[in-house]
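Work through the exercises below with the structure open. Try each task before reading its solution.

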Amino acid sequence: MADAHEDETNLDALMARLADGDRSAFDPIFRAFHPRALRLARLRLEEADALDAAQSALEKVFSRAGEYTPGRPVLPWFYAVAANEIHAVARRARTARARTDGDGALPDDLAATADDPERQLARAELEAAVADAIKGLDPVSASAIAAMLGDAAPLAPKERKRVSRAYARLRHLLERFQ
Amino acid sequence: MMPAAEDTAFVRARGASLKAYERGRWLKAGLHALLFWLFAALLSVAFVGPSSLIWSPLALVAWALVEWRGMELLRGGRVGALAGALTLVLPMSVLRRCCKPGALEMMGADCCSMPGACAAAGVIVGLVLACFLPTQGRRRDMILGMMLGMAAIAPMKCSTLLVGEAFGLLGGLVAGALATSAVRVFVGRQIVRG
């Protein structure tokens, strides 16, 4: 856990350098963000769509790197921006699928889980763990995390600070699942 | 070990993200340069006159470049722009004594537009700016940033003599940097001996 904290502190410093214009910080930041974006996208989308959604989310995050405020934790900011983008990609994909498939298509919730059983089980376990952890939060934090995970409306910029605090609490609650 | 598809996706996403990062920086730099240009144009119209606006696109280009690269170039650019704005606001007679009303007859009517006078002012500004240089790190970028920041705004004051002022500024910055380095090395040695 100390290593994870050290990693996050290191990421904060790297992101501050990138926001300042230091291009040498790009690669370590990208290597840290890519698997996280992919995991987040896989929670909501099928494998093929998840790769595209992760790329789209990363593009969004890096195009807004200049907006990052040095000194603040980077991961909540990253997750808020990435989750909003993945939410938007998922919504666009659903709309496109509904348009092209017509009446013969599977319902959206079934189509989203049309995956191999092992992956479905892993996803169900992870979702259950997150749902349990969210139950332990106060209602405001729970709604902020729900918005971040795309179960509610996208976040307004002023809500991101709340997400930052809620994220820290959720991470604490999820420690027992690691 | 990443699967092949994920590996390809990683490389593709890295390229796209790097492009997005540079695009984001250009966008932000463009917006800031536009505000900077507006500020510089207002300042030059108020203190010099509308004819000075001919050099205002330089402010846009120089500031966009400085903001896009960031880091020491931007930090130096801010100091340079501040110094440039000061030269723009100060009366001509403060920067060049021969521009004082009544002095023209004695020194020749073209004194105010002599490159030498502009270069001397540049040297003085350069020496002052050199005091803001850091002791370590990318001093070269900082000097370049100062020059760009200065070049973005000061030429509006000396609109016909950009080259003379620029060379004066460069000489002043280099001389100032060398002088401050020499003083620091000398003081450092004295402390070690003591």
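**Exercise 1.** Classify B:Val187 as buried, partly exposed or exposed, then place B:Val187 in its helix and find its surface patch.

*Solution.* The model is predicted.
- Step 1: B:Val187 has 40% relative accessibility. Buried requires under 20% and exposed over 50%. B:Val187 therefore counts as partly exposed.
- Step 2: B:Val187 sits in helix α8 of chain B, residues 162-193.
- Step 3: On the surface, B:Val187 joins B:Val183, B:Phe186 and B:Ile191 in a nonpolar patch. Together these residues have about 410 Å² of accessible area.

**Exercise 2.** Compare the span of helix α7 of chain B with the expected value, then decide whether α7(B) is mostly covered or mostly open.

*Solution.*
- Step 1: The helix covers residues 139-153, which gives 15 residues.
- Step 2: At 1.5 Å a residue, 21 Å is expected. First C-alpha to last, α7 of chain B reaches 22 Å, close to that value.
- Step 3: Of the 15 residues in α7(B), 11 are buried, and the helix is mostly covered. Among the buried ones are B:Arg139, B:Met146, B:Leu148 and B:Ile153.

**Exercise 3.** Locate A:Gly66, classify its exposure and find its contacts beyond the sequence neighbours.

*Solution.*
- Step 1: A:Gly66 is in the chain A loop that runs between α3 (47-63) and α4 (74-101).
- Step 2: Its relative accessibility is 25%, so A:Gly66 counts as partly exposed.
- Step 3: Set aside neighbours within four places in sequence; A:Gly66 then contacts A:Ala19 and B:Lys28.
- Step 4: Check A:Met15 too. A:Met15 and A:Gly66 are 51 residues apart in sequence, with C-alpha atoms 9.4 Å apart.

Key. Residues are numbered from 1 along each chain as its sequence is written. Chains are lettered from A and ligands numbered from 1 in the order in which they are written. This is a predicted model: local features need pLDDT of at least 70, side-chain atom pairs count only at pLDDT 80 or more; totals for chains, interfaces and linings use all residues. Side-chain values use heavy atoms; hydrogens and water are left out. Helices (H or I, at least four residues) and strands (E, at least two) are DSSP runs, numbered from the N terminus. Buried means under 20% relative accessible area, exposed over 50%, partly exposed in between (1.4 Å probe, protein chains only). Contact means heavy atoms within 4.5 Å. The expected span of a helix is 1.5 Å times one less than its number of residues. Patches are made of residues with over 30% relative accessible area and no salt bridge: like charges are joined within 9 Å, nonpolar side chains (Val, Leu, Ile, Met, Phe, Trp, Tyr) within 5 Å. Accessible areas come from the Shrake-Rupley method with a 1.4 Å probe; for residues, only the protein chains shown count as cover. A salt bridge is a side-chain nitrogen of Lys or Arg within 4 Å of a carboxyl oxygen of Asp or Glu.
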